[in-house]
Every structure is written in structure tokens, then in C-alpha cells.
Amino acid sequence: MTLARAPRAPRRAPTDLTFFLDEAQVESRAAAEPDWLTADRRAAFARYAALPIETNQLYTTYVDLRTADLADVRPWDEPAATPQSREAPAPAGVAAFASFTESTIDALALSAEARSAGVVLDSVDGLIGRDARLARRLLADDRSLPLNDKLAQMTRAGWNRGVVVRVPAGVRLAEPIVIRWAVGQGGRALLTRTILDLGEGAAASLVEELEASPGAAGRGEPQALFTGSLEVHLARGADLRVASIQDLPEGTVAFQHRQAEIGEGASLHWALAQLGARLVRSRVDNRLVGDRSSVEQVEIVFGAEDQLFDLTSYTRHSGRDTTGILLSKAALMDATRSYMKGLIVIEPTAVGTDSFLGEFGMNLSKKARAVAIPSLEIDQPDCRRAAHSSSVGPIDESQLFYLETRGILPEEARKMIVLGFLEPVVARVPLASAQDRLRELLAAKWDEGAAAAQPAA
Amino acid sequence: MTATRDLVADRREQFAFHDDIVYLAETKRGLSRDTVEEISRFKAEPDWMLQSRLRAYDHFLKRPMPTWTDGLDKIDFDRIVYYRKPSEREEKSWDDVPEQIKATFERLGIPEAERKFLAGVGAQYDSEVVYHSVREELQKIGVVFMGMDQGLKEHEDIVRKHFGTVVPAEDNKFSALNTAVWSGGSFVYVPKGVEVPLPLQAYFRINGENTGQFERTLIVVEEGAKVHYIEGCTAPIYATDSLHAAVVEVVALPGSKVRYTTIQNWSNDVYNLVTKRAHAYENSTVEWIDANTGSRKTVKFPSIYLRGENATADIISVAVAGKGQHQDTGAKAIHLAPNTKSRIVSKSVSKDGGRATYRGHLKVSPGATNVVASVRCDALMLDDHSRSDTYPYIDIQEDDTTMTHEATVGKISADQVFYLMSRGLTENEAQNLIVQGFLEVFTKELPMEYAIEFNRLVKLEMEGSLG
């Protein structure tokens, strides 16, 4: 007996993007938005239309969008409803809380302390109404999203939701800011911008939670698209810690852009966990422009089934005595693929740079594939350090043996080693409850993967 | 110290000369289908080789110029003479070599080298092998070492079996160009179980302004055999750009051991675009020992495809980039079989505005279980207007691979220079010593005469930069 075959999908080049942003849709916003914003969207649209999916020739062979089926996906186009809980206080232990479900704003709330310190938390639409000058400075800044990136420019041209957090000079928030996006409704695209602006000497921490909405599409259903920016402006001496837990549903394709301009003496810490989504293409741009500025970026990938994580990180040292420490780790089950691409640029002005880039992979299945491209472009040899290292290896047998001698069952020992490998990001999540949740997510994903790997009894 | 300086000056003078050679046959400038056919006709080649050339020529036309490395668009293919034949036939003995060419080799030191330890000499003067001698004992043990053109005539079956199987014409634009217009190069065949007792050496020279050199080398090493091949290049200095686009194919059959050593010192107007690749079968070992100090731009990534179980790859790549130079070099190890091992060590020095780029590819394909691989790249920058790039590609598709990669970039430590100066060395000498030490991982793999030569080259480079 022969089984009827499903019709074959037409062959696609790995770089073909099936999602099309409609110019008419961009234009339709012009009536409701200020002219400078319309001009900004038009300029971005022109770049989006002209750019290839990957402009960096180092990476053109490592692009694969074939699992993204977005031809029928349409952006949300109605304006966001005003949140009902606008005046409600933020949850306990949180300085500011923004929550979105699909196209709806659920909450935009500040703690009493944050409110009195002058912290601003608003949707982008809200900010334009309230403070057009600030909105224009933050939204129309050409440095805040990479001009040579098609997907970043797509978000810039077509964004339909946005949130802005501003922490005034000198304000040091002890409690974290939490921004939650619950998305994944099939056939819909949510294009978002998130902007963080810290004044001189300000300090804050942010927990970004990307998760499934109640109606999220699963495997086999029409896909959803989520694009998100995180545009960070750090003035002199500012300090920001960002933790992101990406646990999007498996029917969602995610394009992420994080860009930070780091001023004199300012420091930025990224802790990024990538667990969910069918396909993730993410790019981080760290621009160390101020003298003695620093960035620490720790990123983990924990993949299962046929997920693809396409992660690029650019760190540009321009100021003197800047520090960049970047660490990426991927644990890959099933047929997961992970492309970790990192480029450190040390400009002629960047005397005294300390730079380290590490990319480490653990293939847990014969079908998994780990690609690491840790690159350096150095124009200034007067460095404290300019190094990178990379390794890919299986679970260390001697660690396994050691745990087994302590009475731990082999499967449990394997789990401990893999979760331990991913712990560096967990430990950096600034909110205890979010930290616990990330640990649970990782453990649950391991258990699911291990259960799937068990031969049927 | 003056004595050393004089010695260095002497050698520079030795490399910078240009004899007026009467070419007996040459093609018109520029590349066309006619040129390709003409070259094949000059050589009275079998038809399959002509067809191979023509297919490659068509591919060359279709293939766009690579843009991932810069500056290749400056090559003017229409100004190049694709074939020159300086003498009528291959010379078997030294006495038959024309006087004028002999004089050139005298200056290169070939006779002396031969007296000492050469196993055989294949020397390329422009586009043809003009002088060639194989020692009697090599012939006795069945080792073939001759020019590629002669190899095609005398061992057509072996050449036909392997030609283009390691580096297909379609591999890249310049392998297509080479396949279309190749001339000269070496053909080496080592029969089963034979260990070649001494290194085989070939000297290559570009002479004649705008002479492209497209040599093709094929080395076939049968089961259990062992050979070491050495090439060293020198070229006179001219104002306009020369092109050198070579292809080297190595077939290392089961249990064999092949080492290929290169010291590349083309003059600083040469584009050196070389495809070097080896296929390593079961239990074989292939080693590329590759140094690049000359040329305006070198694009070369010696590669090893580990096709059989337990094969081993070892690549040492060294680059020195001075004023106006870009060394775009590196290595590739492609693991296609279980229990294979590879090691890549790269060292680069950039100075006086030069640019050194390491590009590497380490790939473990599905099915290549239990692979052990390591990559180490170190770069030294001698001043702050030079540049150093590192682009390693690591692609692992098995779950039990053990792979490590490390890279560092730095400058000469002021402490080390100070220490050496306190022992009576000048600053220049101290820096020279440190650079030589940095490159020692390469130098110690060379036969002694070459190690001395290489250290002199480095010294010469350093004198140019600091003296």
C-alpha cells in the first residue's frame, strides 16, 4: 500500500523571507502619526525593500528561513486599546510592569517609588502624545537600530506596538522592570519596539518575558510572527542589567534586534535565554562608544525538535579602556540547529580594550548541528586582551562518572550536567521569581526531550 | 651586527633581478577560447584535457568574482600572458639547460642545494618546467617526480584518474582559471609502500612582467607510502601586478603520509590565489606546512578532506603582512569519516599597515563520529596602523566531537623587549628575536636549510619595517 503524499512545498532558497510588509500599510499610519515618524517609517521601508536578508558576507551561508511560513501572516493594524489597569500599581517587588497579550496592552504600571522618582513607562503612542520631543529623540535615532539589517528596518517601518521606559539621571531602581509579551496567534504579526533610556548615573534592571498567549498556534497550525527590538541608550555612568527569557510557542517565528549605545563609564549586562519559537533570528549590537564603558553578554540556547537559533552578536569598541565579555552556550537536542556568529571590532581609537568572546556548544543528539563563528577584526593592538575561544563537545564522561559514583542515576546526572552548563544565564536573572521560572522551563524542556528520546516500551 | 645586515642586503639583491629571456612561444595577452585551445595545441595534449580546459574556461566566465575578500577586482585578465614557453623541451640533465636560465638558477643556489641533499629538482621558469632531474635511486624505487606536462605525457592514466578529483574546476573562479590555462607544476607519484628518503623540492619563479603563472601540481601517494614535498618561491619585483593562480591536489591513499611545505615569497606586486587541497584516506596523515611572507595579496586556505577512518590532518599556517600587503590565509579541515583527527595552528604578524586575515573552516559531517579537532590562531600586531582579522567557521554535526578553538591577538610585550635590550640587543634585534620565537612552531618543522632561509626572510621583513 502506498500512502498519499502531501503536496510538496515549493523549493525555497534559504534566504527567502515569506513575510511581506505592505507599503500601503506603512502609509496608512501617516494620518494618525506625526510627520517625522512617517518620514522615519518611509526611510526604513526603503531600506527594508532594498536590503538582502544578510548583508555581512561572512555569514551569508548561515541563513536559513525555510521553516518560516509567513506568506499569509498579516500585521495587527488596529490601534492598541488603552490599558484598564493603567493607574493600578505594579506587582509587589517590581518597579515597572508592562504586559501585552497579542495586540492588547494588559498593563502599564509603576510602583509608587518609581513614579515619584520620575520614571516614565508608556506605550510609544502614549509617549508621542505626552512628550513628542522625547519620543522623537528616542524613535527617530538612526543609531538605535542597525541601518544595514533588513529585518531591523522592517520592524522600524512597520512596528505596531511599542513600549518606552525612561529612568531619569541619578535614579537607581532597586527593583526590576518587567516587560511581558504574550503572543503567537496564528496568521498574525506583532512588530514591536522597546526602548530603554537611562540618564546619567541611573541604574535599572529589566526582565523581558516572551511567552505564549492563550490562543497561540502550535506545530502544524498557521504560524505567527513576532519581531522585537530592544533599543538601549545608556548615558554616562548608567548601569543596566537585562534578562530575557524567550519561551515563545512553537508556531511562532521571532526576529529580534537588540542594540545598545553605551556611554562613558556606563555598563550593560545581558543575560539572554533562548528556549522557544520555531525559528529565531536574533542580532545584538553593542556599541562601546564611551571611555571605560563595558558590556557583558551571556546567552544560552536550549533547543529541541527542529528549532533553529540564528544568533549574531556585534561588539564594536570605540572608546578607550572599554571591556567586552561575551559568552554564548548552546545545548542542542534532537535536530536542533544553532548558528552562533560573533564579531568583535576593535577600532583604532580603542586603546586599552579588554575583549573576550566565547562560543560553546553541546550536541546532545546525532542530528543536532552547532555552528560557531567567533570573529575578530582588530585595528588597535594596544589591548589588555583580545581573544576568543570556542569548543564543541559531548557531555563530559568523567563528570558523569563522578556523579554516578555519588549514587546519582545516569539520566539524572546527564540532566544535572546539561542544566549546569546553562546555569550562567539563570544565575544572572535579577528577579527571583523569574529565575525560578527559567530553571523550571529548562528542567521541563530536558524532561520532555528525554521522554521523547526513550524508546517505546 | 653589520655583517648580518650585509648578508640580508645581499639576499634582497639576489631576489630582485630580471633576466631577458627569449621566449620561444607565447600566447597573446588576454584570455579567450582561442588562447585555451592554443595552449593545449602547443602542448599536443590528449583531447580529454582540452575538453577539461574548455569546460573550465566556460565556468570561469560564468563564475562571478568573489567579493568576500577585497581587491580582486583590480586584476586585469586582459593584460595577462597566459602561456610562455622559454625552451623547446624538458631538460633531463643540468648540462642541457640553456646558459641564461642556468645563470638564474645559479643565483638561486640550486646546484649547491642539489649537491647537498636534493632528491630531485623540478624548477619552473615562467610557465614551463625547463629543468628537471630525478635521482637514479628515486627512479629505481619507482618514484615519479617530473613536470606536470611531462607527467601527462608519460603517465596519462594516473593523471587522468586523479586530475580535478580533489579540486574540481568548478570549485572556485580561480581553480576554473587554472584548469583552463594550467601549465607546469609538479607531478609526483609514489608507489605502494615506498618511503621517499629525502624531500622533493621544486623552485618556482615568475619572470617577465605581467606573466600569469598557473601551475598545477598533482601528488599521488599510494598505500603505505611516504613523501615530503617542498616548494619555495621567489620573484623579481615589478611595478604592475602579476597573477599567480595555482592548484595543488594531493591524494593520500590509505596508510600513507604526505607533508607539503611551502615558503611563499612572491614579490609585493603578485596576486597569489591558490587552491590547495588534499584527500586523506584511512590511516593516512597529511600535513600542510605553509608560510606566506610575500605577495601583494595572498588568498590561500590549505585544506584537508578526511575521507577515511583514522586519518590525521595537521596544518601549520604562517603569514607575515607588511606594507601594502594583505595575507588572507588560513586552513580547512573537513571531517567526513569516524575517528579522524585534525590540528590547525595559525600564526600571523602584521606591520607597517599590512593586514593579516585568518579564515578557517572546521567541519564535522554527520557520520564522522569520535572526531578530535583543535584550532589555535595567534596574531601579533607590530604597530597600530596594521590590522588583524580572525574568521573561524566551526560547523559540528555529530554529538561526540571534541573540538577546541582558541585565538589571541596582541602586540610585542614591552617587558620582553626591555629585557632583551638590557642584554645588549638593539630594539630592532629584540623585536626580530621575539617575532622569530613567535613563528617557531613553523620554523621547527622545516629542514635546517629552509629554517635558516625563513628566519632570514623574517629578519629582512623586520629590517624593512624598523631599520
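In this predicted model, B:S317 has contacts that reach well beyond its own stretch of sequence. Neighbours within four places are left aside here; beyond them, B:S317 touches B:D290, B:P302, B:T329, B:G330, B:A331 and B:S346. The residue itself belongs to strand β17 of chain B, which covers residues 312-321. B:S317 is buried because 26 C-beta neighbours lie inside 10 Å, and 20 are enough for that class. B:K347 also comes into the picture. It lies 30 residues from B:S317 along the chain, yet the two C-alpha atoms are separated by 6.4 Å.

Three of the contacts of B:S317, namely B:T329, B:G330 and B:A331, lead to strand β18 of chain B, residues 326-335. This strand is mostly covered, with ten of its ten residues buried. In a regular strand, side chains alternate between the two faces of the sheet. Are the faces of β18(B) covered or open? Both are covered. One side carries B:H326, B:D328, B:G330, B:K332 and B:I334, and these are all buried. The other side carries B:Q327, B:T329, B:A331, B:A333 and B:H335, and these are all buried too.

Which strands pair with β18(B)? Strand β15 of chain B, residues 297-300, pairs with β18(B) in the parallel sense over four bridges. Within this pairing, B:V299 has B:D328 as its bridge partner. Strand β16 of chain B, residues 303-306, is likewise parallel to β18(B), and that pairing also has four bridges. Here B:L306 is bridged to B:H335. Strand β20 of chain B, residues 355-364, pairs with β18(B) in the parallel sense as well, over ten bridges. B:H326 and B:R355 are bridge partners in this pairing.

The wider fold of chain B can be put in a few figures. Its secondary structure comes to 13 helices and 23 strands. Of the 467 residues in the chain, 52% are buried. Contacts between residues at least 6 apart in sequence were also sorted by separation. Of these, 82% join residues at least 24 apart.

Chain B also meets chain A. In this interface, 29 residues of chain B are in contact with 33 residues of chain A. On the chain B side, the elements that give two or more residues are β22 (387-396) and β23 (402-410). The largest share comes from β22(B), with ten residues. By class, this side of chain B has ten nonpolar, ten polar and nine charged residues. Strand pairing links the two chains as well. Strand β20 of chain A, residues 385-392, and β23(B) pair in the antiparallel sense over six bridges. In this pairing, A:V392 has B:M403 as its bridge partner.

Two loop residues of chain A have a positive phi without being glycine. For A:A277, phi is about 75°. This residue lies in the loop between β12 (267-274) and β13 (279-288) of chain A. For A:D321, phi is near 50°. That residue is found in the loop between β15 (308-317) and β16 (323-332) of chain A. Is each residue buried or exposed? A:A277 counts as buried because it has 28 C-beta neighbours inside 10 Å. A:D321 is partly exposed, with 17 other C-beta atoms within 10 Å. The count for A:D321 falls between the limits of 12 and 20, so the residue is neither exposed nor buried.

Key. Residues numbered from 1 in each chain as written. Chains lettered and ligands numbered in written order. Predicted model: local features only at pLDDT ≥ 70, side-chain atom pairs only at ≥ 80, totals over all residues. Contact = placed C-beta atoms within 7 Å. Nonpolar A, V, L, I, M, F, W, Y, C, P; charged D, E, K, R; others polar. Pairing = 2+ DSSP bridges.
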